[in-house]
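Thanks for coming. I have one chain to go through today, and I will keep to what can be read from the coordinates.

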Amino acid sequence: MVNSGQIVAAIRDMAASKSLSTDEMNDLIKDGILAGLARIFGPNVRAEIQLGDGGEIEIVVLKRVVEMVEDASAEIGLEKARWDDPTFEVGDVMEIPVDFSEFGRNAVMATKQRIVQRVREGERERIREEFLHRVGELLSGEVQQVERGK
């Protein structure tokens, strides 16, 4: 099985080939993991994601303790929270650690899709910025790829 260090190394290689900074790469990883968590827990999931220098990823899902659960992706019932720790009160925030190995196929695919999407958006933005000052000039070029009408 692939560990988080291998995943981070693969993303770092991709970031180097796409000329991304370390901060951009970390944002990509965090955003991708958040997309995977949304696939597991629901669309309104909140999480703290820490990336270690050695490639380790620490993920903690945050859920607010409530009497009646209206949004299971962001809230947890008081009884269920007290089952884990009897000191929880309504309004507290429960921290649920999640290991990356718990991500199933769908969550991993959502993570990958979000990272690829964000890399492509970054590439398009860099191209726009590169040619922004040349608006109105006549340029010569060659079309290398057409992507859904773009």
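Before the helices, one definition: the expected span of a helix is 1.5 Å times one less than its number of residues. Take helix α4, residues 105–131, with 27 residues; on that rule α4 should span 39 Å, and its end C-alpha atoms are 39 Å apart, so the two agree. Helix α2 can be put to the same rule: α2 has 20 residues and reaches 28 Å from first C-alpha to last, close to the 28 Å expected.

I should say now that this is a predicted model. The mean pLDDT of the protein chain is 84, with 94% of the residues at 70 or more. Among the elements, strand β4, residues 93–98, has the highest mean pLDDT, at 91, and helix α1, residues 4–17, has the lowest, at 70. As a general caution, where pLDDT is low, the predicted coordinates should not be read in detail.

Back to the two helices, and what they bury. In α4 the buried residues are Ala107, Ala110, Thr111, Ile115, Val119 and Gly122. In α2 the buried residues are Met25, Leu28, Ile29, Asp31, Gly32, Ile33, Ala35, Gly36 and Leu37. Just after α2, Gly42 takes a positive phi of about 130°.

Asp31 in that list deserves a stop. Is Asp31, in helix α2, buried by a wide margin? Let me put that as a number instead: what is the relative accessibility of Asp31? The value is 19%, and Asp31 counts as buried because the cut-off is under 20%. Around Asp31, leaving out residues up to four places away in sequence, the contacts are Arg114 and Arg118. With Arg114 there is also a side-chain to side-chain polar contact, at 3.0 Å.

Now the core. Which residues have the most contacts inside the largest nonpolar core? They are Ile33, Leu37, Ile59, Val98 and Phe103, in a core of 19 residues. The elements that give two or more residues to this core are α1, α2, β2 and α4. Of these, α2 gives the most, with five residues.

Phe103 shows how the pieces meet. Not counting residues up to four places away in sequence, Phe103 touches Ile33, Gly36, Leu37, Ile40, Ile59, Val98, Val108 and Thr111. There is also a second, separate core, of six residues, which includes Val65, Ile76, Leu78 and Phe88.

Next, the strands. Strand β1, residues 46–51, and strand β2, residues 57–66, run antiparallel and are joined by six bridges. One of the pairings is Leu51 with Ile57, the latter in β2. The two strands form a hairpin with five residues between them, and in the turn Gly55 has a positive phi of about 95°.

After β2, in the loop that leads to β3, sits Ser73. Is Ser73 buried or exposed? Ser73 has a relative accessible area of 3%, so Ser73 is buried. Its side chain has two polar contacts to mention: one of 2.7 Å with the side chain of Asp71, and one of 3.2 Å with the backbone nitrogen of Asn44. Setting aside neighbours within four places in sequence, Ser73 is in contact with Phe41, Gly42, Pro43, Asn44, Val45 and Lys63. Gly42 in that list is the residue with the positive phi just after α2.

Another loop residue is Leu20, between α1 and α2. At 16% relative accessibility, Leu20 counts as buried. How many residues separate Leu20 from Val119 in sequence? They are 99 residues apart in sequence, and 8.7 Å apart in space, C-alpha to C-alpha. Beyond four places in sequence, Leu20 touches Ala15, Leu28, Val119 and Arg126. Val119, as listed earlier, is one of the buried residues of α4, and Leu28 is one of those in α2.

Last, the segment after α4, where His133 is found. His133 is exposed, with a relative accessible area of 63%. The side chain of His133 reaches the backbone oxygen of Glu130 at 3.3 Å. His133 and Arg120 are 13 residues apart in sequence, with 21 Å between their C-alpha atoms.

That is where I will stop, and I will take questions.

Notes:
Residues numbered from 1 in each chain as written. Predicted model: local features only at pLDDT ≥ 70, side-chain atom pairs only at ≥ 80, totals over all residues. Heavy atoms only, no water. Helix = DSSP H or I, 4+ residues; strand = E, 2+ residues; numbered from the N terminus. Buried < 20%, exposed > 50% of the residue type's maximum accessible area, 1.4 Å probe, protein only. pLDDT = per-residue confidence, 0-100. Pairing = 2+ DSSP bridges. Core = buried A, V, L, I, M, F, W, Y, C linked by side-chain atoms within 4.5 Å. Contact = heavy atoms within 4.5 Å. Polar contact = N/O pair within 3.5 Å; in protein donor to acceptor, adjacent residues only side chain to side chain.
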